[in-house]
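Thank you all for coming, and please bring the sequence and the model up on your screens before I begin. I will go slowly, and I will explain each term when it first comes up.

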Amino acid sequence: MTRLMLGRTLERICKGVLLLCLLHFLIMMILYFDVYSQRFDLFSRFNNGRNGSRSNVSGAGSGHHYYYYNLSRPNTTLASYLATGEQLVPSVQPENTQTPSPKPLPPCPENPPGLVGRLLIEFSSQMTMERVQKENPNVTEGGRYTPPDCRPRWKVAIIIPFRHRENHLKYWLHYLHPILRRQKIDYGIYIINQLGEDTFNRAKLLNVGYTEALKDAEYDCFIFSDVDLIPMDDRNLYHCYDQPRHFAIAMDKFGFRLPYAGYFGGVSGLSKKQFLKINGFPNEYWGWGGEDDDIYNRITLNGMKVSRPDVRIGRYRMIKHERDKHNEPNPQRFNKIQNTKNTMKKDGISSLTYRLVQVKKYPLYTNISVEIGKPPPRPIKG
């Protein structure tokens, strides 16, 4: 009896030990696989980092690709990754080469805060192109400038009819570039040079300037200026308005008064739409005088009005000079002015002909040299 009980006790002890051993074995296996999976995942990530660095050194330009397989994920094998290519994850992600887009600039103010007002204009000091260029380092080739801190309301082409006025041009550039920059204007300067020594034709050169400037940029505003006129107040803003603009309303030449109500000479401005509405300027005014009055007639005949600045702001100084040779007064100008209504539809930008000889961009302006032909023979008197 005693032996039987002892045997049963030993049997129970053996079963208990065996169960403990099995339990210990299971716990060890669980711990082993858990640690193994973590080590394998860490090892894979380490290899991925090494492969990534290799691809940066030699694989990026050679077409080799390195892949990272996360085999520690449940129900995942290498074979399953090889079977499904869309599950392959490149170890080196492509760099984002796109730069963040800059913030849009605010519109330029209608009344720029940096304006000075009344200016002292004098022509006694010696002027050189080198000096003017040093004074205007922000003006780019061709006489172009765009405000860096705001979005201009107009893109302005400033057009100057020209022949043999190099000294006047230096003063004009010296004064106008700083004025235009303070006015926050996106602009370009175009000198339209009439080649040869035939009779000068100011209005036709202005038509040429309009045409050639549009080949250079998408301008929507055109200001036509004589090279010998300098504004005396930078509040006389060089941009376009709802109506054609006459800027030079009070020249020292005329005692700082408007010589007559229909005067439209010196410096004027029209938007592209306004310019095309009047068919541009007349081409048949050879010699001095008359074309400004014809332009004024074209404006009024097309239902527009001339706008002007305040007389205290629209003051100009003229560089004194003798009348140019081959720019004598045109004796036919009075008859032509009376016929504007009949001629403006056929004589203008629509009928413009010329020969472009050269376009050269200088640091402060663009020079456009053209041949515009000769005037028709004048009728013999009597």
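I will walk through a few strands, a helix, the nonpolar cores and some single residues.

Please keep in mind that this is a predicted model, in which local features need pLDDT of at least 70 and side-chain atom pairs count only at pLDDT 80 or more, whereas totals for chains, interfaces and linings use all residues. Residues are numbered from 1 along each chain as its sequence is written, and side-chain values use heavy atoms, with hydrogens and water left out.

Let me start with strand S4, residues 155-162, and say that helices (H or I, at least four residues) and strands (E, at least two) are DSSP runs, numbered from the N terminus. Seven of the eight residues of S4 are buried, where buried means under 20% relative accessible area, exposed means over 50%, and partly exposed lies in between, with a 1.4 Å probe and protein chains only. In general, strands of a sheet pair through backbone hydrogen bonds, either parallel or antiparallel, and here two strands are said to pair if DSSP finds at least two bridges between them. S4 pairs with strand S5, residues 186-194, in the parallel sense over eight bridges, and Ala157 has Gly188 in S5 as its bridge partner. Between S4 and S5 the chain passes through helix H4, residues 166-182, in a β-α-β crossover that is right-handed; that word applies if, with the strands pointing away from the viewer, the path from the first strand over the helix to the second runs clockwise. S4 is also joined by four bridges to strand S6, residues 221-225, again running parallel, and there Ile159 has Phe224 as its bridge partner.

Now, which residues have the most contacts inside the largest nonpolar core? They are Trp172, Ile189 and Tyr238, in a core of 41 residues, and by a nonpolar core I mean a set of buried Ala, Val, Leu, Ile, Met, Phe, Trp, Tyr and Cys residues joined through side-chain atoms within 4.5 Å. At least two residues of this core come from each of S4, H4, S5, S6, strand S7 (229-231) and strand S11 (315-318), and the largest share, eight residues, comes from H4. Apart from this core lies another, of 30 residues, among them Ala157, Tyr210, Phe281 and Ile349. In soluble globular proteins, nonpolar side chains tend to be buried together.

Next comes helix H5, residues 202-216, where 15 residues at 1.5 Å a residue should span 21 Å, and the end C-alpha atoms are indeed 21 Å apart; the expected span is 1.5 Å times one less than the number of residues. Eleven of its 15 residues are buried, including Leu205, Leu206 and Tyr210. At the N-terminal end of H5, Asn201 acts as a cap, with a side-chain oxygen 3.0 Å from the backbone nitrogen of Lys204.

Let us turn to single residues, beginning with Val267, which lies in strand S10, residues 267-271. Is Val267 buried or exposed? Val267 is buried, because its relative accessible area is 0%. Beyond residues up to four places away in sequence, Val267 touches, among others, Phe224, Tyr238 and His246, where contact means heavy atoms within 4.5 Å.

His246, in strand S8 (residues 245-246), is likewise buried, with a relative accessible area of 0%. The side chain of His246 reaches the backbone oxygen of Gly265 at 2.8 Å, which is a polar contact, that is, a pair of N or O atoms within 3.5 Å, where within protein one must be able to donate a hydrogen and the other to accept it, and residues adjacent in sequence count only if both atoms are side-chain atoms.

Ile121 sits in the loop between strand S2 (89-90) and helix H3 (129-135), and Ile121 is buried, with a relative accessible area of 4%. Although Ile121 and Pro231 are 110 residues apart along the chain, their C-alpha atoms are separated by 8.3 Å, and Pro231 is one of the residues that Ile121 touches.

I will finish with Asn193 in S5, which is buried, with a relative accessible area of 14%. A polar contact of 3.4 Å joins its side chain to that of Ser369, and Asn193 is in contact with several other residues, including Phe162 and Val370.
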